[in-house]
Amino acid sequence: MTEVLDTPATTSPISTRKHGDVLIVLSNSPPVNALGHAVREGLVAAIEQAQGDDSVKAVVIACEGQTFFAGADVSEFGTPKAFAQPMLPQVVDIIENSTKPVVAAVHGTALGGGCEVALACHYRVAVPTAKFGTPEVKLGLLPGAGGTQRLPRVVGVKKALEMCATGNPIGAKAAFDCGLVDRLIEGDLIPHAVAYAEEVRDVTPLPKSSERQDRIADTDPGVFDAFRKDHGRKFRGFDAPEANIQAVKVATEKPYAEGVLDERKLFMELMSGTQAKAQQYFFFSERKAAKIDGLPDDTRPRSIQKVGVIGAGTMGGGISMNFLSAGIPVTIVEMAQDALDRGTGVMRKNYEATAAKGRMTADQVEQAMGLLTPKLELEALADCDLIIEAVYENMDVKKEIFGKLDTIAKPGAILASNTSYLNIDEIAASTSRPGDVVGMHFFSPANIMKLLEVVRGAKTAPDVLVTVMGLAKKIKKVAVVAGVCHGFIGNRMLMPRQVEATKLLLEGASPEQIDRVHVEFGMPMGPFQMADLAGVDIGWHRDPSRIENVRDALCAIDRWGQKKGAGFYDYDDKRRPSPSPKVQQIIEDFAAKEGVERREISDQEIIERTLYTMVNEGAKILEEGMAQRASDIDVVWVYGYGWPVYRGGPMFWADTEGLPKIVEGLKRQEQRMGSDFSFSQLLLDKAERGEKFTR
Ligand code: 3HC
């Protein structure tokens with residue numbers, strides 16, 4: 001449906017000015033110059049102005065603010081504005097059909113529709129820090145303004161496939177190397193772009209991306225299947241990558257005019273699907289998570305110049321690497337020299353492995369490690385602005401450390417605990433400055449996982465929260481605020497899943513069946529694959545004679561998971577799992593001992609008892625105010641546990657399933673779950689009222 005807006009914008013975000021015979025078209029639409037309706041309208045008007053003015057010989061399109069156009073305005077999707085004329089495909093055609101050369105002057109990120117605008121321009125110049133990308137796939141879409149047809153014609157099929165189907169941007173230098181950028185500009189962008197426009201003002205015919213054949217002629221048809229094969233694992237479950245591949249393939253098979261029709265059809269199919277809605281919801285959820293409700297407007301962050309980390313184990317080392325990589329010096333403290341050496345050795349090895357993959361230079365490894373100061377005494381943390389404790393989970397130990405930190409840390413230093421379960425308020429009470437105490441719960445491996453749960457204690461000061469949220473962004477984490485409760489958001493929701501998964505084993509499901517259901521759902525692994533990877537022995541009481549559950553029984557016979565070559569599964573020397581008859585026997589024996597009657601378990605029951613229960617727990621977290629909003633819970637699960645983003649997260653998924661269906665499923669299982677389960681009133685109320693958790 002096409003709709004023409006009857007109230008044109010009064011003040012256009014697009015302005016024009018002349019420099020000699022070059023018309024400079026400037027967009028000023030903060031924060032990211034998204035191509036909303038007013039911008040699109042302004043661009044068309046500017047090109048028409050150039051066409052109608054004989055004194056104009058060439059055009060430069062540039063943006064003010066932090067970036068070139070960062071794409072279509074995603075907030076317009078699903079509203080009439082998205083369909084208001086001119087739509088982006090028309091805008092890019094009007095640019096390309098200009099009889100006067102148009103030069104895109106790119107800084108920041110030319111993404112999605114922004115990259116498509118650049119592709120439609122006859123020439124592209126960019127500053128070295130600029131980035132180009134087609135991230136639509138991450139929103140469950142494909143470039144829908146000719147991008148899948150123009151990009152391969154400009155950069156070649158392989159590069160276009162990579163950019164469209166993965167959505168990862170490329171830097172200006174790479175863009176120059178593959179022909180996407182005609183000139184790299186050192187110095188002021190717009191004057192150089194104008195000079196470039198002067199150089200090309202008389203070129204005829206003008207180069208049009210849509211007319212090029214040189215980069216797509218003789219494309220090996222095998223390239224598409226090879227690409228699918230290489231990325232199969234990564235794309236599992238997602239609709240959009242395949243649609244992107246198909247659209248790029250069309251570019252090699254059909255003339256441009258037909259190709260864009262196919263592109264539009266694929267785009268509209270994706271746009272109307274649940275995955276695109278989930279991924280777009282997630283895009284905004286991620287950004288919303290950074291916002292903390294109820295803080296005074298004038299809250300300013302504290303300055304963090306130096307970080308201290310207590311504990312050089314896997315967590316402490318990983319946490320430190322985040323700061324080192326961001327150029328922030330870290331003092332790391334361990335109790336014994338050998339543990340300290342081992343910890344810093346692992347950090348170096350991790351950096352070197354990254355360098356070996358070409359993602360870091362040897363110099364950068366040295367720079368990062370050069371910012372690290374290993375120490376054996378807590379007193380060395382006296383000059384740190386933020387101190388993160390990452391020792392093992394024991395309240396007494398943590399209280400003792402915080403008590404000591406209270407006497408050592410400088411006034412105003414933030415004291416954080418990486419605890420994954422324990423009560424931050426109790427830890428804070430062991431200091432005389434509870435306002436400075438906060439939880440910073442990293443996920444393992446802490447140098448890689450994007451999630452950070454920021455645990456807000458009853459007395460945590462507003463500026464401490466603001467500082468930690470800002471710092472999270474600096475170290476490229478996505479931070480979510482959680483309240484003080486056992487396991488916060490993520491691990492708390494993991495608990496009912498774990499309890500029911502374990503009970504299902506005794507009742508007749510196998511680890512393979514339960515894991516398969518989770519993997520088919522889209523999780524990277526199921527609960528028992530996860531236990532084997534993390535270590536079945538985590539939290540084990542270490543007494544082989546005390547066997548109270550299946551886990552104890554496995555630990556007692558050394559089946560501690562992948563590290564021992566055996567856990568819930570058997571592993572070969574390449575760590576490939578296979579079902580274990582021995583484990584099956586242990587489960588059956590245990591069921592007999594407990595008097596649990598074994599029966600056939602359906603996949604649906606597994607979903608209801610492990611995933612619906614998580615939704616129920618999420619609802620409790622919300623009603624208790626332990627999460628600020630349902631979308632924060634979804635961010636935790638996507639970034640912390642690999643919940644498939646194309647399902648939005650557990651709360652969004654529950655909404656798409658329908659809350660009455662969730663309640664019905666839980667009621668069906670209520671008796672079997674017994675006293676381990678109780679309903680969230682919020683879930684019941686919302687289901688009753690026909691409401692949703694998310695918008
Ligand atoms: N549409 C609408 N709003 C957008 C937007 C977009 N394309 N991109 C960013 N924003 C908003 C964010 O929601 C945020 O709003 P808030 O301040 O109210 O929370 C604000 O702009 C700033 O964004 P970030 O916090 O992400 O700022 P950063 O500086 O960290 O990152 C960015 C900037 C790299 C441009 C990043 O925002 C980004 O990746 N944006 C999305 C780019 C994208 O996906 N483009 C494709 C859109 S789809 C499309 O173009 C379809 C076409 O092919 C037809």
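**Reasoning through a predicted model**

Trainee: Where is Arg-575 in this predicted model?
Mentor: Arg-575 lies in the loop between strand 18 and strand 19 (577-579). Its phi is positive, about 60°, although Arg-575 is not a glycine.

Trainee: What makes Arg-575 buried, exposed or partly exposed?
Mentor: Good one to work through. Buried means under 20% relative accessible area and exposed means over 50%. Arg-575 has 47%, so the label is partly exposed.

Trainee: And why is Asp-558 called partly exposed?
Mentor: The argument runs along the same track. Asp-558 has a relative accessible area of 40%, and the label covers values between under 20% and over 50%, so partly exposed fits. Asp-558 sits in the loop between helix 21 (550-556) and strand 18 (569-571). Asp-558 also has a positive phi, about 70°, although it is not a glycine.

Trainee: Why is the protein chain said to be as compact as a globular protein of that length?
Mentor: Let's begin with its make-up: the protein chain has 27 helices and 19 strands. The globule rule gives 26 Å for 695 residues, and the radius of gyration is 28 Å, close to that value, so the protein chain is as compact as a globular protein of that length. Along the principal axes, the C-alpha atoms fill a box of roughly 90 × 60 × 55 Å.

Trainee: What percentage of the residues count as buried?
Mentor: Of the 695 residues, 54% do; each of those falls under 20% relative accessible area. As for the surface, the protein chain exposes about 29,900 Å², with carbon and sulfur atoms supplying 52% of it.

Trainee: How far apart are the mean positions of the positive and negative charges?
Mentor: For the 82 positive and 94 negative charges, the mean positions are 2 Å apart.

Trainee: Which peptide bonds are called cis, and what is omega there?
Mentor: One joins Pro-30 and Pro-31, with omega about 0°. Pro-31 is in the loop between strand 2 (22-27) and helix 1 (37-52). Another runs from Thr-204 to Pro-205, where omega is near -15°. Pro-205 belongs to the loop between helix 7 (189-200) and helix 8 (222-235).

Trainee: Which residues does UniProt list for the domain "3-hydroxyacyl-CoA dehydrogenase NAD binding"?
Mentor: The unreviewed UniProt entry lists residues 306-482. Over that stretch the chain is 41% helix and 20% strand. For the "3-hydroxyacyl-CoA dehydrogenase C-terminal" domain, the unreviewed entry lists residues 487-571 and 606-683. Residues 606-683 are 72% helix and 0% strand, with the end C-alpha atoms 20 Å apart.

Key:
Residues are numbered from 1 along each chain as its sequence is written. This is a predicted model: local features need pLDDT of at least 70, side-chain atom pairs count only at pLDDT 80 or more; totals for chains, interfaces and linings use all residues. Side-chain values use heavy atoms; hydrogens and water are left out. Helices (H or I, at least four residues) and strands (E, at least two) are DSSP runs, numbered from the N terminus. The radius of gyration is taken over C-alpha atoms; the globule rule is 2.2 Å times the number of residues to the power 0.38. Buried means under 20% relative accessible area, exposed over 50%, partly exposed in between (1.4 Å probe, protein chains only). Accessible areas come from the Shrake-Rupley method with a 1.4 Å probe; for residues, only the protein chains shown count as cover. Lys and Arg count as positive and Asp and Glu as negative; His and the chain ends are not counted. The place of a charge is taken as NZ of Lys, CZ of Arg, CG of Asp or CD of Glu. UniProt positions are given in the numbering used here, feature names are shortened, and annotations may be inferred rather than shown by experiment.
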